[in-house]
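Biologist: Please take a close look at the salt bridges of this model. Which residues pair, and where do they lie?

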Amino acid sequence: TVARQNSRKCPGAGVAFQAAYNRPELVPVASTRNDAPAEELSREATAFALSHEADDIGIAPMDPLYVFEGYTIDHPWVIVLALAHDYERIKELPSDETNGVGVCDVGDQYARGTRASYALANWIRSQGYSATAFPGPMADALLLIPPAIASGLGELGKHGSLISRHFGSGVRLAGVTTDMPLVATAPDRFGADEFCQSCQICTRECPPDAIADQKQMVRGVERWYVDFDKCIPYFAESATCGICIAVCPWTRPDVRPKLLSTMARRLE
């Protein structure tokens, strides 16, 4: 298939990804604290994030399982920001030597996540609370997908990425942890998991065959499984990938509303 073509490094990929690593400085925590109720602080944080490049936001209590082994995060709250891909660009994956728009959009959204997460962390610090930004693709100590699911940004897809009801699989994530009092947002079940049980598109189209067609037991939990020993080397060799999210039916703006309607009826 076309999606199995090699997506070698293309012009613009380096610049697009480098912007994701240009991390601003964190401002000092203000000495005067905004003592508004948690509900108000959550509304203000949400409004700030959505007006500073984030396309969606979720808030979850910190869980030690969200932190990689060997790291410690002391903040009690994690905020996850969703950055939506440009479908017209991301659908071009895989890209070749002359057409790098899909690759560049992956880098561009990671860069947007860096700017958005640092902007929100600095706003929180200006309110008198501690905050740390964890942008992708290198989120350091913080896992992003588990709190994204817990906070209602989407469901886990067969391809190992988040599926959002608003953006499908075409979304990147960034995180902020904080001690600002907040109110959690609720998980959102809309049928993506059920749909993935019968859909095999990403499994078929994955160049290194890294996506399992059935759930597997992973650390005691039955879940979708991606073999990253196959995925990551291909990703590194190709300077990016994203084919699985580009071909996912949920990512297509013309298909997603129909899927949401169909799955809502099935869930009923």
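Modeller: The account below follows the salt bridges one pair after another. This is a predicted model, in which local features need pLDDT of at least 70 and side-chain atom pairs count only at pLDDT 80 or more, while totals for chains, interfaces and linings use all residues. Residues are numbered from 1 along each chain as its sequence is written, and side-chain values use heavy atoms, with hydrogens and water left out.

The structure holds eight salt bridges (a side-chain nitrogen of Lys or Arg within 4 Å of a carboxyl oxygen of Asp or Glu). One of them joins Arg23 to Asp140, with 3.4 Å between the closest N and O atoms. This pair links distant parts of the chain, 117 residues apart: Arg23 is in the loop between α1 (13-18) and α2 (38-50), and Asp140 is in the loop between β3 (131-135) and α5 (145-150). Helices (H or I, at least four residues) and strands (E, at least two) are DSSP runs, numbered from the N terminus.

Helix α4 (residues 101-126) contributes Arg112, whose partner Asp55 sits in the loop between α2 and β1 (56-61), so parts 57 residues apart in sequence are tied together. Their closest N and O atoms are 2.8 Å apart. Arg112 is buried at 15% relative accessibility, whereas Asp55 is partly exposed at 32% (buried means under 20% relative accessible area, exposed over 50%, partly exposed in between, with a 1.4 Å probe and protein chains only).

Asp108 pairs with Arg89, the closest N and O atoms being 2.9 Å apart. Asp108 belongs to helix α4 and Arg89 to helix α3 (residues 87-90), so this pair ties together parts 19 residues apart in sequence. Asp108, at 29% relative accessibility, is partly exposed, and Arg89, at 24%, is partly exposed.
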